[in-house]
Structures are given as C-alpha cells and as structure tokens.
Amino acid sequence: MAKLTLLIATQRSGSTLLRSDIQDMGGMGVPGEHLMPLIRKDKKAFKQGGDLTVSEQDVIDLIAKKGGDDNSPDVYGLKLMVSYADHVNWMLGGEKETHPVQAAQNVIDWAYRTYDAVNLVSVVRPSILDQSISRAMAKTTGMYHLPQGDGASDPYAQTEIDDDLLNFAIWREVPIVINHMRNLQSILNANQDKVLKIDFRELTKNQTDSNLRIVEHARKSGFEPHKNLAERKLKKLIKKERSAQIKQNFFDFALNQGFGAENFEMIKSILK
C-alpha cells in the first residue's frame, strides 16, 4: 500500500524546515525535490521545444528511490515547487503550456489516483519582503541553508554584500514572489478540504503546535508518524536585527531610485 506526502510550496518559504520536521518525525516519507534530475534532463526540450524523454514511470521510480526511509516501507515524500509545477505536469502526460495553478492541480490529482493515501501539506510565508530578501540573499551569496552543525551566529556576516546590488536583487524578486504566492494561494483554496496549510511564523515560532498539527493531519490521511516532535538542526540564516536593517535599506533605496513615486503603496504593503 503506497502512500505519498506531497508538500507544495514556493522557494524560500520555509519548505526546507517543514520537510526536515516531517522527515525527522518519521512515517511520512522524505518530501524533497527529488524530481530535479528529471527536470534538468528535459529542461531544454521544455523551454525551447523538443521531445520528452522522461516517462510517468520514471517519476514514480525516482520518488520511490529518493522519497522513502528504511523505517517506513512504501511511504514516500515529494516536494513540488509552484515554479516548476508545469514541467512536472508535462512529465506526467499533461500539456506543456499549462498555467502553474492548473498544472499543480493536475499533479495533486495524479497523486491521489496513483497512491493509496496522500498527505497533502503546504507552508505559506505571508511576508512578501521577507521571502524576497531570502531569495535575493541566497542568490547573491550562493548560501541557501546553514550547514548542520555550523555554529555561526550569522553566516552572512563574513560575506561582503554590496548594498545596491542586494537592493536591486530584492526589487527583482518582489514581483516573482507576488506571482508565486498568488498561484500557491489559488492552489490551496481549491484544495482546502484536504490540505494542511502551515504558516511560516507558526512553523518557526511555535514548533510544538505546528508539529502536532502535522501529525494529526497525517494520521487523518492514513499515515502513522513515529513521534510528535521533530529534532531540529536547521538554523535561520538572517538574524532579526540584520533583517530589519536590510528592510530599511531597501525602503530608502526604493524611494531614492524613484520607484516610490508610482509604487509607494506597494512598497509599504510588502514591508509589512
């Protein structure tokens, strides 16, 4: 009896922390981005036109190979990012030119047809600016996560980052984040009767309650988690004080660059 935890998210939203919690609590699979090798294999064909070389069985086999753990036979996990849901939908036999919302829905429907039980979960990071900063910092520095066991209090502190370069990077990320968040919310709204939606703030500030909600939802979905609280090893990359300074620098930068004249209300809204 094969089961699948399907984690749907956007980049830099807390999905790695949620994946880590789910994996550590056991019995729910390992919901990582296991399909990336298949996506990279046909990326050129997907973008420029060409034949698909990946089959649906390749997808199922890779999930089985990478998404399980030794203690829970036939229980797997997969993380699906909204940004490449259209490519996954194509690999599963869907049309290439499919809107990300419909593509993600097609993948969800496929999961429920293919597996005997599905644990559908998601994490949402409400702050547009926080997510944009996280994306910009990661791309600018090449540091996406703090290595386990690294005791650095601020891993970015020893990395020189040009303020203007970072601010321009943040500005470029804002519309991308807004689009991805809108698409994710549409997906969650369409599946609200079966998805567990975790707020990033709850996940990071109230681990006990968020973990209990994950366990409860998994059990209702036919899974058997091994414990109620995960042992966490991941740490935040950007400290609170530095985040506040980056936000203020970006706000000043946006106004000084002339972005503020026509986008002042948007800037104020994303600073929330």
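Contact here means heavy atoms within 4.5 Å. The model shown is predicted.

**View 1. The whole chain, with its 12 helices and four strands.**
The chain has 272 residues, and buried residues make up 51% of them. About 13,600 Å² is exposed. Carbon and sulfur atoms supply 46% of that area. Among contacts with a separation of 6 or more, 76% join residues 24 or more positions apart.

**View 2. Helix α1 and its surroundings.**
Helix α1 covers residues 15–25. Nine of its 11 residues are buried, so the helix is largely enclosed by the rest of the structure. The buried residues are S15, T16, L17, L18, R19, S20, D21, I22 and M25. They pack against three strands, β1 (3–9), β2 (75–81) and β3 (117–124). They also pack against two helices, α9 (200–205) and α10 (207–220). G26 follows α1, and its phi is positive, near 75 degrees.

**View 3. The largest nonpolar core, with 54 residues.**
Seven residues touch the most other members: L6, I8, L35, V59, I63, L80 and V88. Take L6 as an example. Leaving out residues up to four places away in sequence, L6 touches L78, L80, I108, A111, V118, N119, L120 and V121. Another core lies apart from the largest one. This other core has 13 residues, including I133, W171, I246 and F250.

**View 4. The aromatic pair of F46 and W90.**
The whole structure holds five aromatic pairs. In one of them, F46 and W90 are tilted, with 45 degrees between the planes. The distance is 5.4 Å centre to centre. The pair links distant parts of the chain, 44 residues apart. F46 belongs to helix α3 (residues 43–48), and W90 to helix α5 (residues 85–91). F46 has a relative accessible area of 10%; the cut-off for buried is under 20%, so F46 is buried. W90 also counts as buried, at 9% relative accessibility.

**View 5. Further aromatic rings.**
The ring centres of W110 and Y115 lie 5.9 Å apart. Their planes stand at 80 degrees, so the pair is edge-to-face. Both W110 and Y115 are buried. Elsewhere, ring pairs link F168, W171, F250 and F253 into a cluster. Among these cluster residues, W171 and F250 also belong to the core of 13 residues.

**View 6. Two lysines over aromatic rings.**
K3 places its charged end over the ring of F223, 5.7 Å from the ring's centre. K194 does this with Y112. The charged end of K194 sits 4.6 Å from the centre of that ring.

**View 7. R12, a residue with positive phi in the loop between β1 and α1.**
R12 is not a glycine, yet its phi is positive, about 60 degrees. R12 is buried, with a relative accessible area of 16%. The loop that holds R12 leads between β1 and α1, and α1 is the helix of View 2, largely enclosed by the rest of the structure.

**View 8. D74, a residue with positive phi in the loop between α4 and β2.**
D74 is not a glycine either, and its phi is about 65 degrees. The loop runs between α4 (56–66) and β2. Strand β2 is one of the elements that the buried residues of α1 pack against. At 36% relative accessibility, D74 counts as partly exposed.

Definitions and conventions:
Residues numbered from 1 in each chain as written. Predicted model: local features only at pLDDT ≥ 70, side-chain atom pairs only at ≥ 80, totals over all residues. Heavy atoms only, no water. Core = buried A, V, L, I, M, F, W, Y, C linked by side-chain atoms within 4.5 Å. Buried < 20%, exposed > 50% of the residue type's maximum accessible area, 1.4 Å probe, protein only. Areas by Shrake-Rupley, 256 points an atom, 1.4 Å probe, with all protein chains shown as cover. Phe/Tyr/Trp six-rings, centres within 6.5 Å; stacked < 30°, edge-to-face > 60°. Lys NZ or Arg CZ within 6 Å of the ring centre and 35° of its normal.
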